[in-house]
Amino acid sequence: MTDWTIGGLAEAIKTRKLSPVEAVQGYLDRIEKLNPKLRAFITGNAEGALARARALEKEPPRGPLHGVPLAYKDLCAVQGLPSSCGTRTPDYFLSALECTAVTRLSQAGAVTLGKLNMSELAMGPFGDNAHHGDAQNPWRAGHITGGSSSGSGGAVAARLCAGALGSDTGGSIRLPAAACGIVGLKPTYGRVSRAGAMPLSWSYDHLGPMTLTTRDCAILLGVIAGHDPADATSSRRGVPDYVATLAARVSGVRVGVPENYYFDGLHPEVDRAVREAIAALGGLGARVEALRLPDPRPMVAACNNMMVGAEAAAIHSRILKERPGELQPSVLARLAPGLRVSAYDYIQGSRLRAQLTREFIADVFSTVDVFVAPSIPEPAPALTEAKSGTTDDVVKRMGRFSRLTRPINALGLPALSVPCGFSSDGLPIGMQIIGRPFDEALVLRLGHAYEQSTNWPTRRPPSL
C-alpha cells in the first residue's frame with residue numbers, strides 16, 4: 001500500500017482501484033508501527049485524516065492530489081494542529097494564516113497525516129532533538145537523518161507519507177534528502193510562498209517538496225509554486241507545467257563540474273558516487289565540462305552566517321532572552337551571537353550578497369546551464385558521533401556537514417538533491433543539481449533523466 005509514488009497513488013484513486021480511506025489507513029497503520037522507532041512525527045492527525053478521506057471518497061477529484069496522504073514539517077501552520085517548531089512548547093509558532101503551501105496542497109486534494117519532527121527552531125543539520133527524540137535514519141538506526149527537515153526526510157524514506165514539505169535556510173531540505181535517499185528540492189528564492197511558516201531567516205528561507213521521485217517533486221512544486229499576496233517576496237512569474245517538461249531530452253545540456261571547493265575533502269565513497277552520476281549524465285547526452293566557481297567562503301562568512309544569525313536572533317529574541325535554558329546547547333550557541341551583529345555589518349553583508357550573486361549568475365551561467373555537486377560531504381554519521389564532544393565541537397561539525405548546501409541559499413538558486421548511490425555499509429549518497437533562477441524545470445528534467453537511468457529510486461530501507 002505505501003510503496004506508491006504520489007503520481008501512481010493519485011492515479012489509482014482517480015480510477016477507483018484504491019479509495020482515499022484505504023490509502024490513508026495504510027499510511028496510518030505504518031506510522032503506528034514504525035514511528036515509535038523512527039520518531040519522524042511530532043503530532044499525528046489520524047482522526048482528521050480519516051474524516052477528510054471519507055469526505056473525499058464522496059467527491060469528484062479536487063485536483064492532482066485527491067486523496068494523497070502528505071505530512072508537513074512542524075514549522076508549517078496547519079489548521080487545528082499545533083506548531084512546536086521542534087521546541088518543547090507545543091504551540092511555539094502561532095499564525096493567523098495556515099501555511100499557504102499546505103492550503104494549496106489541501107485544495108488539490110491532499111490529506112494531512114500530521115506534523116513532522118525537525119531540529120529545534122530549524123537550527124541543525126543532523127536532526128537530533130532533545131524534546132521530541134532524535135529522528136532515526138530508516139536506512140540505519142542510530143544514524144542521522146540530516147536536518148533540519150529531519151522528520152520529512154525520514155518519513156518519506158520510510159513510506160510513512162507519500163510526500164512532505166520541508167524548509168531550507170542552509171540545506172535543510174537537501175541534507176535530509178541526501179542522508180535518507182530521497183529527492184528534495186530547494187526552489188528559487190520567491191518561487192514558493194513562505195506565508196504561514198515559521199521563519200528562521202527572511203532573506204534565506206525556502207519551502208519545498210520532499211518525495212520518493214523527481215516526478216513526484218515536480219507534481220508538488222506545480223501545486224505550491226506561484227505568487228501569494230500574503231508573502232511579498234513571492235514571485236509573480238508564471239508557473240510552468242513541471243511534469244510535462246520532464247520527458248524532454250537532456251542531450252546538449254551544459255553541465256558544469258566545479259574544480260574547486262565542492263569536491264574538496266569529501267569522503268571517498270561520496271566522491272566516487274557523485275562522479276559516477278556525472279558520467280551517467282554525460283552518457284545521456286549532456287555536455288559535461290569542468291568549471292571553476294567563485295569561492296563561496298567569503299559570502300558564507302559575511303552573508304549566511306552573519307545575516308541569518310541576525311535575523312534568527314531577531315525572530316526568536318523572546319525565547320533567547322527570557323528562556324534560554326529551554327534551548328539545546330548547540331542551538332543557543334548558534335543563535336545568541338546574532339544579537340551582537342551590528343546594523344552596519346548586516347547592511348554590508350546584504351550588499352556583498354547582492355553583488356556576489358549578480359557576478360556569480362552572470363559568470364557561471366554564461367558557460368553552463370546547470371552545475372552539479374555533492375549534497376553531503378560524507379554518508380550520514382552516527383548520532384553519537386554527530387553529538388559528541390563540546391558544544392563548540394558540535395557547532396563546528398555542523399558547519400562542515402552543511403558546507404556544500406549553504407552557499408546555494410545565499411545565491412537563491414534552485415537546487416535538487418537526488419540519490420546517486422550508497423556507501424559500502426548501505427547509507428545513501430546524494431547529488432545536487434543547481435540551475436539558473438526560476439529554472440526548476442531544467443533541474444527537475446535532469447534529475448528525472450538521471451533517475452530513470454539508475455535503480456536508486458527502487459531501493460528501500462532493508463529493515464522496512
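1. Ser148 sits in the loop that runs between β3 (111-116) and α5 (150-157), helices (H or I, at least four residues) and strands (E, at least two) being DSSP runs numbered from the N terminus. The peptide bond that leads from Gly147 into Ser148 is cis, with omega near 10 degrees.

2. The model is predicted, so that local features need pLDDT of at least 70 and side-chain atom pairs count only at pLDDT 80 or more, while totals for chains, interfaces and linings use all residues. Residues are numbered from 1 along each chain as its sequence is written, and side-chain values use heavy atoms, with hydrogens and water left out.

3. Leu121, in the loop between β3 and α5, has a positive phi near 55 degrees although it is a residue other than glycine. Leu121 is buried, at a relative accessible area of 0% (buried means under 20%, with a 1.4 Å probe and protein chains only).

4. Cys85 lies in the loop between β2 (69-73) and α4 (100-107), and Cys85, which is not a glycine, has a positive phi of about 55 degrees. At 0% relative accessibility, Cys85 counts as buried.

5. The largest pocket (an open set of points on a 1 Å grid over the protein atoms alone, where a 1.4 Å probe fits, with protein on both sides within 12 Å along at least five of seven lines) has a volume of about 550 Å³. Of its 27 lining residues, which have an atom within 4 Å of a point, Met123, Asn305, Val308, Arg334 and Arg406 are the closest to the centre. The largest share of this lining, seven residues, comes from α9.

Methods:
Buried means under 20% relative accessible area, exposed over 50%, partly exposed in between (1.4 Å probe, protein chains only). Grid points are joined across faces, edges and corners, and a volume is the space filled by probe spheres set on the points.
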